[in-house]
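Student: I've got a model open and I'd like to talk through it with you. Can we go one question at a time?

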Amino acid sequence: STGCLLCWRGHNVRLSCQIVYGPHKPPFPCGGHEESHPAGVWRDLRHDPDVGGSGLSCLDTSIIFEALSAGCVKTFGNNEQREKFCPDLCSMKKFASYCLTEPGSGSDAAFLLTSAKLQGDHYILNGSKAFISGGGDTDVYVVMCRTGEKGPKGISCLVLEKGSPGLSFGWNSQPTRAVIFEDCAVPVTNRLGADGEGFNIAMKGLNGGRINIGELSMRPSLLVIHWYVVCLGTNEVMRMIIARNE
């Protein structure tokens with residue numbers, strides 16, 4: 001049955017996590033992330049095999065995220081962009097940061113202010129992003145910026161790499177930093193999708209993230225239920241308390 005298949009898959013993933021990482025080893029240290037995943041064991045889950053991903057379904061990845069909690073280039077990029085960025089990201093040789101939130105626009109992302117002005121075959125990027133996970137430590141930055149009118153239809157999506165002139169980072173205490181752009185030149189060929197399509201790209205990225213956060217909450221909840229049942233079977237005092245309050 002489907003339920004048995006889910007249990008079997010989840011058991012195998014949890015067993016793999018324990019074998020590879022052990023019960024306490026953090027999977028993603030800030031430095032030397034190559035050592036945290038033995039070659040061939042972990043790949044980007046939902047990306048296609050032709051660029052180095054695992055090609056798993058949403059169901060498969062949901063099971064994997066649920067088990068892991070216990071222990072936008074692919075979709076919108078053209079062939080050249082996918083071949084340039086995806087293989088290293090899918091194999092985890094490199095990591096990427098999603099840059100949407102700004103100091104003055106968090107939940108109201110449609111009114112972001114980071115601007116990109118077209119000059120020849122480059123966009124000149126100016127502005128800043130806030131609370132960007134991996135900022136300064138990751139290798140690729142997927143940036144939502146304003147290339148046109150106010151509102152969501154004026155937003156585009158650019159990809160730039162660490163080391164680009166004009167790209168800098170705030171804070172040094174932890175890798176959730178401000179990402180700052182000062183006359184940062186980004187080739188037009190690094191734009192994902194069409195001009196003005198950035199807001200849709202950003203929202204679809206958030207939708208996938210919301211599913212993953214829900215998946216990450218499932219396993220701890222199941223563990224609480226499990227230990228509650230175990231405790232009821234061994235703790236006479238707790239059974240008496242529950243009986244009095246029924």
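Tutor: Sure. One term before we start: contact, or touching, means heavy atoms within 4.5 Å. Also keep in mind that this is a predicted model.

Student: Which residues have the most contacts inside the largest nonpolar core?

Tutor: That core has 21 residues. Helix H3, helix H4, strand S4, strand S5 and helix H5 each give two or more residues to it, and H4 supplies the largest share, four residues. Inside the core, the residues with the most contacts are Met144 and Leu192.

Student: Which residues after position 190 does Met144 touch, leaving out those up to four places away in sequence?

Tutor: The list for Met144 includes Tyr98, Cys99, Leu100 and Leu112, and also Ile155, Ser156 and Cys157. Going on along the chain, you reach Gly198, Ile201 and Ala202.

Student: How many residues are in the other core, the one apart from it?

Tutor: Cys99, Tyr141, Val143 and Val179 are among its members. The size of that core is 15 residues.

Student: Which residue stands opposite Cys157 in S8?

Tutor: Start with S5, where six of the seven residues are buried. S5 pairs with S4 in the antiparallel sense over seven bridges, and there Val142 stands opposite Val159. S5 is also joined to strand S8 (residues 191–192) by two bridges, again antiparallel. Across from Cys157, in S8, is Leu192.

Student: Is Ser97 buried or exposed?

Tutor: Ser97 sits in strand S1 (residues 96–99). Beyond its neighbours within four places in sequence, Ser97 is in contact with residues including Ile132, Gly134, Val140 and Val142. The cut-off for buried is under 20% relative accessible area. Ser97 has a value of 2%, so Ser97 is buried.

Student: Which side chain makes a polar contact with that of Ser97?

Tutor: Thr138 is one of the residues in contact with Ser97. The polar contact spans 2.7 Å, and the partner side chain is that of Thr138.

Student: What is the phi of Phe131, and what is that of Asp183?

Tutor: Most residues other than glycine have a negative phi. Phe131, in strand S3 (residues 122–133), has a positive phi although it is not a glycine, and Asp183, in strand S7 (residues 176–187), also has a positive value. Phe131 counts as exposed at 56% relative accessibility, and Asp183 counts as exposed at 57%. Phi is about 55° for Phe131 and near 50° for Asp183.

Note on methods:
Residues are numbered from 1 along each chain as its sequence is written. This is a predicted model: local features need pLDDT of at least 70, side-chain atom pairs count only at pLDDT 80 or more; totals for chains, interfaces and linings use all residues. Side-chain values use heavy atoms; hydrogens and water are left out. Buried means under 20% relative accessible area, exposed over 50%, partly exposed in between (1.4 Å probe, protein chains only). A polar contact is a pair of N or O atoms within 3.5 Å; within protein, one must be able to donate a hydrogen and the other to accept it, and residues adjacent in sequence count only if both atoms are side-chain atoms. A nonpolar core is a set of buried Ala, Val, Leu, Ile, Met, Phe, Trp, Tyr and Cys residues joined through side-chain atoms within 4.5 Å. Two strands pair if DSSP finds at least two bridges between them.
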